[in-house]
Every structure is written in structure tokens, then in C-alpha cells.
Amino acid sequence: MSTPSPHGRPRIAALAVALAAAGALALTACDDDSGGSSTSSATPTAPDTASFSGNAASALASAEASVRAEASKRAASASAAASSFEASVSAEVERANKAARTELAKVDGAGNAMSDVTMTGKPRSETGGLLAVVVTITNKTGKTASYAVQVDFLDSSGEVVETRYVGAEDLEPGQKAQPVAVSRKPTEPVLTPKLAKAQRY
């Protein structure tokens, strides 16, 4: 039988120490003599935050930037929707609105057709957030007529801050038209629409 070389003895000693340590660990993990299973009594401990990498403040800043970006995106989307709504309304009634404004410039007082006109608010969800009212004009006469309507938008003190004109041309007897008066003012403060003039001509 060969004798280990002097160079191999330290390695053998180190291996023996490692095996002894492993054996001790295995014994502590095994069942005890009473036949019961041992359970780990170790409890979880909070991690040492000092060893964490990264920066909580920068994470919060990143989240805040993300929220702001999303809000900006939504605002831009709402603005685009408002512009689209207003453009579609203007394209349909611009000529009649100009005629209405011209006609109402000749009228003293409230006009001769206030009873032929009613107003209903449109949901802001349909107007891109704009304040808009549907002006329902009904020709209650027995002959064809055109109409000019003035809608004032008032603030909380009752002051007129904006005026819009809408109109309908050549309505047959009993026929209705529903142009839309749209405020271009900011959504705050909230304005109240008021039927100011209505003229049949």
C-alpha cells in the first residue's frame, strides 16, 4: 500500500474537515431520537436595505413622470376630440350662422320667434369636453321660414362672456332643425347658456 506524498496530506486533512462539517449539518437536519420530525425554528428576517442597489427616489420620479405623460396624452386626445367635434359642427352650419348673425344685427329686443326655439345641453363626453347646446328650431308657421338665433354664455354672476349665433334656412311648416351652439371658452369656470334672441325671417 502506497503512502500519500507529503504534498497530498494537507488536501486530505482539508477534505476530512469538510466531511466532518457536512456530517454535523446532516445530523441536525435528521429526526431526533424520539422519532418526531424536527422543524425549522428559523424565522424570516427583514432584508438589509443597506445592501440594496438602486434609488427609491428615482423610482418614484420615474413613476410620476409616467403618470404625467399619460395625463398629457389624455389631454391631447381630448383636445383633438374637441377640435374634431367643433370642426364638424362648423362645417355643417357656418354659412347659416353668418346669415343668422347678420339678420340679428337688425333686430331690436328678443325677436319674433322665441317660442319656436328650445335648447338642450349636449354631454361633454360627446363634445371632447366642450360646452355645447343643441338649439331646436321648429317652424310653427304655415309657410317656409328661416331662423336666426343668438345664444349667450353667462358666468356665475350673470355676465355675458361669450355669444354664439346659429341659424336654419328655408324650413318648411312643421319642420325642425337642430344646429349646435359651441362655447370656445375654457371648461372652468362653468358657463350657463341662455337663449338671447330668436328671429324668424
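How many cavities of 30 Å³ or more does a search of the whole structure find? In this predicted model, the search of the whole structure returns one cavity at or above that cut-off of 30 Å³. The largest cavity holds about 50 Å³ of space, and its lining is made up of R124, L131, S183, K185, P186, T187, P189, V190 and L191. By character, the lining residues of the largest cavity comprise five nonpolar, two polar and two charged ones.

The strands considered here belong to an open sheet of three, arranged in the order β4-β3-β7 with antiparallel pairing. Strands β4 and β7 (192-200) occupy the edges, and because each has a single partner strand, one side of each is left without a neighbour in the sheet. From one strand to the next, the twist averages 20°.

On one side of the pairing scheme, strand β3 (residues 145-154) runs antiparallel to strand β4 (residues 160-171), and nine bridges join the two. Within this pair, Q150 has Y165 of β4 as its bridge partner. The connection between β3 and β4 is a hairpin with five residues between the strands, and in its turn G158 adopts a positive phi of about 90°. The other pairing, between β3 and β7, is likewise antiparallel and extends over eight bridges, with P193 in β7 serving as the bridge partner of F153. As a general point, side chains in a regular strand alternate between the two faces of the sheet.

Note on methods:
Residues numbered from 1 in each chain as written. Predicted model: local features only at pLDDT ≥ 70, side-chain atom pairs only at ≥ 80, totals over all residues. Heavy atoms only, no water. 1 Å grid on protein atoms, 1.4 Å probe; cavity = no way out; pocket = protein on both sides within 12 Å on 5 of 7 lines; lining within 4 Å. Points joined across faces, edges and corners; volume = space filled by probe spheres on them. Nonpolar A, V, L, I, M, F, W, Y, C, P; charged D, E, K, R; others polar. Pairing = 2+ DSSP bridges. Helix = DSSP H or I, 4+ residues; strand = E, 2+ residues; numbered from the N terminus. Axes fitted to C-alpha atoms, helices over the stretch in contact; angles between N-to-C directions.
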